[in-house]
Number of protein chains: 2
Amino acid sequence: MTDLASTSDRLGALGLRRATLLVDPRRARANIARFAASARAAGVVLRPHFKTHQSAAVAAWFRDAGIDRATVSSVAQAAYFADAGWDDLTLAIPANPREVADYDALAARIRLHLLADHARTVDALASGLSRRTSVWVEVDPGYGRTGVPWHDSARLVELVRRIAASGRLDYAGLLSHAGQSYAARTANAAAAVFDVTLHRLRQARSALGEAGLAGGLLSAGDTPGFAASPDWTGLDEARPGNFVFYDLMQLAAGICAESDLACAVACPVIGVYPDRGEAALHAGAAHLSRENLARGRTEEFGRLITLDENGFASLVAGWSVSRLSQEHGLLSARGESARAQLAKLEPGDLVLVVPVHACLACEQFASYRTIDGGELPRLRRL
Amino acid sequence: MTDLASTSDRLGALGLRRATLLVDPRRARANIARFAASARAAGVVLRPHFKTHQSAAVAAWFRDAGIDRATVSSVAQAAYFADAGWDDLTLAIPANPREVADYDALAARIRLHLLADHARTVDALASGLSRRTSVWVEVDPGYGRTGVPWHDSARLVELVRRIAASGRLDYAGLLSHAGQSYAARTANAAAAVFDVTLHRLRQARSALGEAGLAGGLLSAGDTPGFAASPDWTGLDEARPGNFVFYDLMQLAAGICAESDLACAVACPVIGVYPDRGEAALHAGAAHLSRENLARGRTEEFGRLITLDENGFASLVAGWSVSRLSQEHGLLSARGESARAQLAKLEPGDLVLVVPVHACLACEQFASYRTIDGGELPRLRRL
């Protein structure tokens with residue numbers, strides 16, 4: 001029996017019949033253990049970002065590894081994990097003045113940390129929160145998304161002074177997301193982003209010190225930078241998220257190994273077109289997201305992986321998801337071996353597709369399954 | 001007050017505080033009425049694709065326009081609309097042999113139509129269904145996604161014979177989705193796709209006739225082709241879906257007018273960066289999807305529209321959503337007018353973003369709101 005056929009049989013034995021996100025818990029736990037060890041070695045608090053999985057069941061694997069603080073990016077995620085017993089959460093997106101009452105309700109239940117990069121946001125928090133709440137100033141370390149540019153000392157000083165003057169907010173420190181590491185094409189380039197970010201955070205903190213202000217803690221968070229850096233010393237807190245599952249984007253950039261890939265979408269084959277070298281899946285953008293690995297003219301939305309008795313096994317050469325519409329995906333078979341496998345595929349077979357971006361694929365499901373059939377519930381869309 | 005400021009005030013008055021998909025019912029009903037009239041004029045059954053909205057409340061607007069049959073693309077959608085009283089549904093994706101028991105349960109409740117383009121699928125349906133069920137043969141009219149190529153007479157004849165021989169399946173006719181019309185850059189190009197599709201479907205039906213088989217009905221479905229074609233005569237059934245809301249992709253291709261755009265995502269501003277000409281939204285790929293209008297190097301994920309006392313008003317020149325991560329979106333302001341508006345934006349303001357692809361943006365929400373504050377429930381992710 002070929003690897004594709006035995007993978008299909010194993011997926012069928014799990015009772016799967018439509019697109020289903022599968023997690024290999026052994027691999028996810030190993031990814032967690034590696035990051036927990038790096039954090040311990042550097043004396044850094046690991047506060048993983050739970051937006052990747054949004055699952056209390058996956059979060060429990062972090063707790064098993066000694067992690068008791070986490071990062072989220074919406075009120076809904078914070079409330080969900082608070083319900084699951086997580087009592088120390090950072091909402092790592094600039095606070096939204098419209099949601100201050102929601103923050104206040106959360107802060108009554110858990111130790112909540114918010115972000116600000118604008119005077120108006122600080123004022124809205126100071127006037128709307130009924131209890132002392134921790135606030136980080138977000139620093140842009142060169143990514144150009146949110147945060148005060150690391151070199152804008154005047155604005156950093158003004159914001160920290162404004163927080164202190166509010167009488168209602170506790171200044172926590174400087175927090176950044178060096179998302180430019182996701183554009184790195186090698187682990188070395190991602191490690192360089194990590195080093196530059198640390199340097200820039202320290203420079204921002206020095207500017208506060210020169211103005212007679214306490215600099216606070218330093219927090220950074222992006223999977224590529226942390227995965228590629230052997231030593232996290234110098235930071236106080238690490239907030240990566242994607243590393244729990246990894247994906248094709250991280251694999252392509254040399255950030256993870258093939259054996260670290262911990263989630264994939266089981267998809268039913270619904271059409272086979274040997275003349276075109278293609279098969280159709282009932283799995284489209286509604287399941288895999290439209291995150292595209294190959295920018296530009298060609299597109300790539302996923303690759304096949306096999307499943308054996310130990311869990312996820314190996315990527316299958318020659319196969320990729322080359323086109324997506326809302327509910328349909330097209331698998332392309334290139335090369336002799338993949339074409340021979342294609343000749344044996346039939347509607348009703350199941351294949352396992354590693355997504356390009358795990359966080360976005362996970363967003364598309366209301367629960368996941370483990371490779372031994374267990375269910376992993378997650379936050380439902382509100 | 002500027003248009004952006006009054007739009008923010010109107011959105012705030014609806015009580016919105018986080019990313020929320022808003023529908024303008026007047027525009028959506030007008031879009032429905034136009035398509036219903038075209039169908040009536042041509043004597044074609046309009047069987048709209050409900051995957052776009054997946055909402056029983058929106059479906060009720062179709063019923064108000066005299067539509068009582070619909071198209072869906074998953075068992076979950078079929079069950080949801082069956083619960084809402086839709087008793088004649090086509091599941092317009094090649095049937096999945098793993099879901100035959102689900103189809104059988106649906107067929108016990110409603111008049112269900114399935115699709116097949118492979119002998120194995122026909123056999124699975126014939127052996128697994130307990131009652132006579134209607135089956136269309138899917139024809140690929142040149143899109144290259146699913147279906148038997150329109151010119152492959154031998155395979156078409158074989159499939160239709162196999163359906164007839166099953167004793168369990170009722171052959172309905174030839175069904176196609178000319179998705180290549182979505183790549184058309186003008187309405188004329190989309191209309192040409194429509195004409196070619198009709199011609200190819202007729203050619204396929206003639207081949208069946210020459211083999212002594214009844215050709216059955218002809219069904220086609222893609223918004224660009226139908227919107228661009230003045231006369232649908234020659235088809236029996238039309239299955240477009242996107243036209244209820246339209247989006248930037250259809251606008252850019254000249255398929256709809258600006259005044260037809262009927263859904264947009266209200267998004268809170270959480271950061272303002274005048275030096276970069278940008279503002280940050282708490283609305284990312286998790287809300288807008290990663291569907292990208294400008295393929296290649298630059299990216300575009302949405303544009304701003306204003307809201308006035310009548311509903312959605314006008315696109316705002318100079319603004320676009322130029323970058324997305326999972327929860328963050330970056331708005332770019334280009335040109336003097338947009339830069340002047342940017343200078344007045346503050347965290348807590350609300351903006352209204354027209355998505356690139358309405359179907360995929362709608363997938364990201366568990367319910368929608370109308371511009372007068374009503375709630376439109378939709379199918380929840382299973």
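**Entry 1. The interface between the copies**

I began with the interface and found that 100% of the interface residues of chain B are also interface residues in chain A, so the copies meet through the same surface. I note at the outset that the model is a predicted one. I then looked up the extent of the contact: 49 residues of chain B touch 49 residues of chain A. On the side of chain B, I listed the elements that supply two or more residues, namely β4 (88-94), α6 (119-128), β11 (263-273), α11 (285-288) and α13 (358-363) of chain B. The largest share, four residues, is that of β11(B). Sorted by class, this side of chain B holds 17 nonpolar, 16 polar and 16 charged residues.

**Entry 2. The relation of the copies**

I next asked which rotation superposes chain B on chain A. I recorded a rotation of 180°, with 0.0 Å of shift along its axis and an RMSD of 0.0 Å. The two copies are therefore related as by a two-fold rotation axis.

**Entry 3. Chain A as a whole**

I turned to chain A and recorded 13 helices and 19 strands. Its C-alpha atoms fill a box of roughly 70 × 40 × 35 Å along the principal axes. I compared the radius of gyration with the globule rule: for 382 residues a compact globule would have a value near 21 Å, and the 22 Å of chain A agrees with this. Buried residues account for 59% of the 382 residues in chain A. I also looked at sequence separation: of the contacts in chain A between residues at least 6 apart in sequence, 65% join residues at least 24 apart.

**Entry 4. The two domains of chain A**

I looked up the division of chain A and found domain 1 (3-23 + 262-377) and domain 2 (26-245). Domain 1 of chain A is thus written as two segments, 3-23 and 262-377. The C-alpha centres of the two domains of chain A lie 34 Å apart. Their contact takes 11 residues from domain 1 of chain A and 16 residues from domain 2 of chain A. On the domain 1 side, the elements that give two or more residues are β14 (311-315), α13 (358-363) and β19 (375-377) of chain A. I found that α13(A) provides the largest share of that side, three residues. The residues of this side divide into 10 nonpolar, one polar and no charged.

**Entry 5. The strand pair β13(A) and β14(A)**

Since β14(A) is listed on the domain 1 side, I examined its pairing. Strand β13 (residues 302-308) of chain A runs antiparallel to β14(A), and three bridges join them. A hairpin of two residues connects β13(A) to β14(A). Within the pair, I noted that A:Ile305 stands opposite A:Leu315 of β14(A).

**Entry 6. Helix α4(A)**

My last query concerned helix α4 (residues 75-83) of chain A: which of its residues are buried? I found A:Val75, A:Gln77, A:Ala78, A:Tyr80 and A:Phe81. I recalled that an α-helix has 3.6 residues a turn, so residues three or four places apart point the same way. The buried residues of α4(A) pack against α3 (56-64), β3 (70-72), β4 (88-94) and α5 (100-107) of chain A. Just after α4(A), I noted that A:Gly85 adopts a positive phi of about 95°.

Technical notes
Residues are numbered from 1 along each chain as its sequence is written. Chains are lettered from A and ligands numbered from 1 in the order in which they are written. This is a predicted model: local features need pLDDT of at least 70, side-chain atom pairs count only at pLDDT 80 or more; totals for chains, interfaces and linings use all residues. Domain bounds come from an automatic or database domain assignment. Two residues are in contact if their C-beta atoms, placed from the backbone, lie within 7 Å. Ala, Val, Leu, Ile, Met, Phe, Trp, Tyr, Cys and Pro count as nonpolar, Asp, Glu, Lys and Arg as charged, and the others, Gly among them, as polar. Copies are superposed by least squares on the C-alpha atoms of residues with pLDDT of at least 70 in both. Two strands pair if DSSP finds at least two bridges between them. The radius of gyration is taken over C-alpha atoms; the globule rule is 2.2 Å times the number of residues to the power 0.38. A residue is buried if 20 or more other C-beta atoms lie within 10 Å of its own, exposed if 12 or fewer, and partly exposed in between; C-beta atoms are placed from the backbone.
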